[in-house]
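Grab a pencil and work through these short exercises with the structure open beside you. Each task comes with a worked solution, so try it yourself before reading on.

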Amino acid sequence: MINIQGVNLQMRPSRRDWLRTGMHALAAPMIMTSNARAYSVDEIEERLARGSEIEGVTKQDLPTPSLLLDLDAFEANLGRMSEHAKTAGVDLRPHAKTHKCSEVARRQVGRGALGVCVATIREAEAMAAAGIGGLLLTSEAVGPNKIHRLVRLARQQPDTMAVIDHPDNAAELDEAAGAAKIRLDALVDIDPLGRRTGIPPGPAAVQLAETIDRLANLRLRGVHGYCGASSHVKGFQARKEHSERYMGPVLDSFAAMRRKGLPAEIMSGASTGTYNIDSALEGMTELQVGSYALMDVDYRIIGGRGGEVYDDFHNALHVLATVVSKNHDDIATVDAGLKAFATDREFGPEVARPAGLTYAFRGDEHGALTLADAEREIVLGDKIELVVPHCDPNVNLYDRMYCVRGDSVQQVWKVDARGHI
Ligand SMILES: Cc1ncc(COP(=O)(O)O)c(C=O)c1O
């Protein structure tokens, strides 16, 4: 198996081929060594550049701070969501804004997702370049740059969908699609509450649907309605009431479109916090859940059906840090600070391993661990794993994810949809 994902390595040999053809002799010092051996960063980089196995590399060998993806937890999260969707009779089009990684998207599609949602044109292009189809751009494409790129993408991948919340934008997209000789699939973006994007539910939304339906180069497919305000409401019952209250008018508009005979086969929405609430709403056809694949502190504290901790999904994403200073009995310093974590929340990261430690920011490059309740003695060079406060912006800080099972590093995936072009 080839281990750095998200780049074109098709011409590279498999491990079996590599060993059979004797190519391993070229790299004998690395490959012939046992698992107990430590690997330098240069050795790891060389092996990744060659596209060869990184078998034997452990968390101990990794540079820090770095991003870890726990494959067992990640696969369990994907499995749980896909089982839920099957049982509830809804489709999945998970949001790739969370992970910005086509290898993650590939696995979501492998588990039955129709494709992925994307928040930016950049994400859409990266997913398409990696062969991921069924893209739904959940942000409005406004202005020549975005419209040009969206239409170009839809030309290559005709199942790409846009969202529209204004008749002027519908007219611009229609014109661009006409010039490119394509028919662009579109959903009416209806705003449940946030006043971020989307037209308010009710007659105005249905009227916009009619406008889109009349335009020759657009193909109306249904409704996009994402209620971000419901996703982190604390307590399952309160969250349910919140989502039902604000999604209700969106679903009414969707039903009104259907009654008028408008094309309305897709009703897309929901979040990790409301996946098991919104999938039961009358009319909902697909879930655009994102964070469930990785998880974070922000979601753990919202409370689940069974109690105060939301544990439907596991923490699959961690930042790996190293203890770089230990001059006091009660405190140690790690090399992961403000630049290693998204800082958009009121709370910071939580230490997952070793148990009993708490973390506080100590500047751009450093964090302080409080050791009073540590499960074991903490010494210089110790590796510490931390759950991130908010997964989406945290992933966005890193170029790659090191995918691990236990202590062993198995693959490295590029965060290939990062950045702005
Ligand atoms: C439009 C849209 N849909 C879906 C999601 C996924 O939400 P979550 O990560 O809470 O599952 C987001 C997240 O911000 C979003 O902005």
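## Exercise 1: Two sides of a helix

Keep in mind that this is a predicted model. Start with the outside: the exposed residues Pro 203 and Arg 214 sit on the face of α9 that is turned away from its buried side.

**Task.** Check the length of α9, then work out how its buried residues are arranged and what they pack against.

**Solution.**
- Step 1: Helix α9 covers residues 203-214, which is 12 residues. At 1.5 Å a residue it should span 16 Å, and its end C-alpha atoms are 17 Å apart, so the two agree.
- Step 2: Pick out the buried residues of α9, and you get Ala 205, Val 206, Leu 208, Ala 209 and Ile 212.
- Step 3: Look down the axis of α9: these buried residues fall within an arc of 155°, so they line one face of the helix.
- Step 4: A bit of background helps here: an α-helix has 3.6 residues a turn, so residues three or four places apart point the same way.
- Step 5: Now see what the buried residues of α9 pack against: β6 (161-164), α8 (167-179), β7 (184-189), β8 (218-225) and α11 (236-259).

## Exercise 2: One residue in α11

**Task.** Is Met 257 buried or exposed, and which residues is Met 257 in contact with, leaving aside its neighbours within four places in sequence?

**Solution.**
- Step 1: Find Met 257 in helix α11.
- Step 2: Count around Met 257: there are 24 other C-beta atoms within 10 Å. The cut-off for buried is 20 or more, so Met 257 is buried.
- Step 3: With those sequence neighbours set aside, the contacts of Met 257 are Val 206, Ala 209, Leu 262 and Ala 264. Val 206 and Ala 209 should ring a bell, as they are among the buried residues of α9.
- Step 4: Try Glu 210 too: Met 257 is 47 residues away from Glu 210 along the chain, yet their C-alpha atoms are separated by 8.4 Å.

## Exercise 3: Strand partners

**Task.** How do β11 and β13 pair with β16, and how many bridges join β17 to β18?

**Solution.**
- Step 1: β11 (residues 317-325) pairs with β16 (residues 383-387) in the antiparallel sense, over 5 bridges. Here Ala 321 is opposite Ile 384.
- Step 2: β13 (residues 350-353) also pairs antiparallel with β16, over 3 bridges, with Val 351 opposite Leu 386.
- Step 3: β17 (residues 400-405) and β18 (residues 408-414) run antiparallel and are joined by 6 bridges. Val 404 has Val 409 as its bridge partner in β18.
- Step 4: The hairpin of β17 and β18 has 2 residues between the strands, and Gly 406 takes a positive phi near 60° there.

Technical notes
Residues are numbered from 1 along each chain as its sequence is written. This is a predicted model: local features need pLDDT of at least 70, side-chain atom pairs count only at pLDDT 80 or more; totals for chains, interfaces and linings use all residues. Helices (H or I, at least four residues) and strands (E, at least two) are DSSP runs, numbered from the N terminus. The expected span of a helix is 1.5 Å times one less than its number of residues. A residue is buried if 20 or more other C-beta atoms lie within 10 Å of its own, exposed if 12 or fewer, and partly exposed in between; C-beta atoms are placed from the backbone. The arc is that of the directions from the helix axis to the C-beta atoms. Two residues are in contact if their C-beta atoms, placed from the backbone, lie within 7 Å. Two strands pair if DSSP finds at least two bridges between them.
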